[in-house]
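Work through the exercises below with the model open beside you. Try each task before reading its solution.

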Amino acid sequence: MKNLLVAAALCSTIMLGACESEVEAPEVVEGQVPGLSVDNARMILGAVEGNPAAVYFDLTYEGDRGLTIRRADVAQTGSATLHDYGEYDFKVQMMEALPIAIKKGSEVSFEPGGLHVMAFEPSSELQPGGKAEVTLTVSGGGTHTFEADVLPAGDERGLPAPDSGEDS
């Protein structure tokens, strides 16, 4: 019996020591994907009220597991879609984007003339100077919500970058 008590005490000590050395998991914040950050977020309104708006931003991912961005939603709009440009029928045109794979170290620019979020039927409450709430959904169902500055049509932050004039 004495050996049994010693063994039980030893097991308890080992288990307590193991608990102390465990690394704490990063804190999970609702509406945030660990390791994902968004900067320079802006929504450019259409020139005609009610026309679609475009959302642009710079995304950086430093998380440990690979993810795929599968969907975008924008509050106060009828719907939103991830868009990109591609060639079809010998013409470059806008189309729905395929899922966007990201891994540790990924930097993805959602910019005019490239990847972007199209926000359809924007509410008249979305006005220049305000904020729009954007939510990205990633593989596994996680979401990342951020605010985008609402800017008027023609704002320079919504125009394609000027051509550098250099030949490739």
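Contact here means heavy atoms within 4.5 Å. This is a predicted model, in which local features need pLDDT of at least 70 and side-chain atom pairs count only at pLDDT 80 or more, while totals for chains, interfaces and linings use all residues. Residues are numbered from 1 along each chain as its sequence is written, and side-chain values use heavy atoms, with hydrogens and water left out.

**Exercise 1. Thr-60**

Task: find the element that holds Thr-60, its exposure class and its contacts beyond four places in sequence.

Solution. Step 1: Thr-60 is in strand S2; strands (E, at least two residues) and helices (H or I, at least four) are DSSP runs, numbered from the N terminus. Step 2: the classes are buried (under 20% relative accessible area), exposed (over 50%) and partly exposed in between, with a 1.4 Å probe and protein chains only. Thr-60 is partly exposed because its relative accessibility is 22%. Step 3: leaving out residues up to four places away, Thr-60 touches Gly-35, Leu-36, Ser-37, Ser-106 and Glu-107. Step 4: from Thr-60 to Asp-39 there are 21 residues in sequence, and their C-alpha atoms are 8.4 Å apart.

**Exercise 2. The whole chain**

Task: describe the order of the elements in the protein chain.

Solution. Step 1: count one helix and 10 strands. Step 2: read from the N terminus, which gives α-β-β-β-β-β-β-β-β-β-β. Step 3: of the 168 residues, 32% are buried. Step 4: take the contacts with a separation of 6 or more; 67% of them join residues 24 or more positions apart.

**Exercise 3. Two histidines**

Task: decide whether His-83 and His-116 are buried or exposed.

Solution. Step 1: His-83 lies in strand S4 (residues 79-88), and His-116 lies in strand S8 (residues 116-120). Step 2: His-83 is buried because its relative accessible area is 11%. His-116 has 3% relative accessibility, so it is buried too. Step 3: outside four places in sequence, the contacts of His-83 include His-116, Met-94 and Met-118. His-116 in turn touches His-83, Met-94 and Phe-110, among others. Step 4: the side chain of His-116 reaches the backbone oxygen of Gly-114 at 2.7 Å. A polar contact is a pair of N or O atoms within 3.5 Å; within protein, one must be able to donate a hydrogen and the other to accept it, and residues adjacent in sequence count only if both atoms are side-chain atoms.

**Exercise 4. The cores**

Task: which strand gives the most residues to the largest nonpolar core?

Solution. Step 1: a nonpolar core is a set of buried Ala, Val, Leu, Ile, Met, Phe, Trp, Tyr and Cys residues joined through side-chain atoms within 4.5 Å. Step 2: the largest core has 33 residues, and Met-43, Phe-57, Leu-59, Ile-69, Val-74 and Phe-110 touch the most other members. Step 3: strand S2 (residues 53-61) gives the most, with five residues. Step 4: a second, separate core of five residues includes Ala-54, Tyr-56, Met-118 and Leu-151.

**Exercise 5. Positive phi**

Task: compare the settings of Asn-40 and Phe-90.

Solution. Step 1: Asn-40 is not a glycine, yet its phi is positive, near 55°. Phe-90, also not a glycine, has a positive phi of about 65°. Step 2: Asn-40 lies in strand S1 (residues 36-44), whereas Phe-90 is in the loop between S4 and strand S5 (91-96). Step 3: Asn-40 is partly exposed, because its relative accessible area is 38%. Phe-90 counts as exposed because its relative accessibility is 78%.
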